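Visitor: Could you walk me through this one? I'd like to hear the reasoning behind the labels as well as the labels themselves.

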Amino acid sequence: MNTCCTPTDTRRDTRVAENESPAVKPRYFVDGTTEAYEVRVELPGVGKDGVSIDLDENLLTLRAKRKPSAPAEWKPLHRELSDLDYLLRLRLNTQVDEAKMSATLADGVLTLRLPVKEAAKPRRIEVQ
Amino acid sequence: MKLTRFSPANLARVSDFDEWFRHPFSGLPSLSQFFGALPDMFNGTGAGRLAADIHEDKDNYFVRCEVPGVKKEDVKVELNNQLLTVSVEKKEKTDDGEQSYAFTRSVSVPDGVKGDTIAAKLEDGVLTVTLPKAEHRKPKTIEVA
């Protein structure tokens, strides 16, 4: 789970592919045990229905859409925050049990639990 | 999972930001350009400073900050002498250690804001502070004695 293949220059409006909208790479943290990996992704301003997670072979793609940052009648006086959506791509180097994957979003942080497949867990082999 | 050892040459890695944040030289201008590759949350802000958006509508001013993973109890909003200060302090305990961080941001508030009715709301990691404008600053007549 060490490979991130989101384009590295996140400041510019990076068009990942022709048909994809510009996005920024969110901050993320990975913790892991032999049982499961836990990925925490910071997604401030994203509602529960704005997140989509796909696992295609070993490529985990997370897209998150921000809720409209401010109602139209608000007049911006000073802006520092980004309006762009989030995109994070991680290449997994461990087999993950897709059926048991889970994700929760709380306080703008998405916690993704990726249980390691039985076959990929460390095993002890008895000597006969 | 491979563990990658932290090396200063690897400045663009976002996950190492916390270390750099506490780096004694992080405030130096020559180093600050290295932070270019960091996420927008820190754009235009110095170390420890929260990024903020300011909006207004007919009745209110709005100050918004992104504070992902922060609970209501960890946020402090103060108005002191026309200066609105938002501070966030958080401690995280894990099995093998503890990490903490603190961010703060001060915004000077224009005249004519009703200080006693300021409201703050935390939703999906975004803090919105609403500063209602005063009805009218009524002109005062001073009697000549």
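Guide: Let's start with the open sheet, bearing in mind that this is a predicted model. The sheet has 5 strands, paired antiparallel in the order S7(A)-S1(B)-S2(B)-S7(B)-S6(B).

Visitor: What makes strand S7 (75-78) of chain A and strand S6 (119-123) of chain B stand at the edges?

Guide: Each has a single partner strand, so one side of each has no neighbour in the sheet. From one strand to the next, the twist averages 25°.

Visitor: Why are S6(B) and strand S7 (residues 126-132) of chain B called a pair?

Guide: The cut-off is at least two bridges. These two strands have 5 bridges, in the antiparallel sense, so they count as paired. Within that pairing, Glu123(B) sits opposite Val126(B) of S7(B).

Visitor: Which residues touch the most other members of the largest nonpolar core?

Guide: Val41(A), Leu43(A), Tyr86(A), Leu88(A) and Leu110(A), out of 21 residues. At least two core residues come from each of several chain A strands, including S4 (36-42) and S8 (85-91). Looking past neighbours within four places in sequence, Tyr86(A) has contacts that include Ala23(A), Pro26(A) and Ala64(A). A second, separate core holds 17 residues, among them Val63(B) and Phe103(B).

Visitor: Why is Leu92(A) called partly exposed?

Guide: Buried takes 20 or more other C-beta atoms within 10 Å, and exposed takes 12 or fewer. Leu92(A) has 18, so it falls in between. Leu92(A) lies in the loop between S8 and strand S9 (102-106) of chain A.

Key: Residues are numbered from 1 along each chain as its sequence is written. Chains are lettered from A and ligands numbered from 1 in the order in which they are written. This is a predicted model: local features need pLDDT of at least 70, side-chain atom pairs count only at pLDDT 80 or more; totals for chains, interfaces and linings use all residues. Helices (H or I, at least four residues) and strands (E, at least two) are DSSP runs, numbered from the N terminus. Axes are lines fitted to C-alpha atoms, for helices over the stretch in contact, and angles run from 0 to 180 degrees between N-to-C directions. A nonpolar core is a set of buried Ala, Val, Leu, Ile, Met, Phe, Trp, Tyr and Cys residues joined through C-beta atoms within 7 Å. Two residues are in contact if their C-beta atoms, placed from the backbone, lie within 7 Å.
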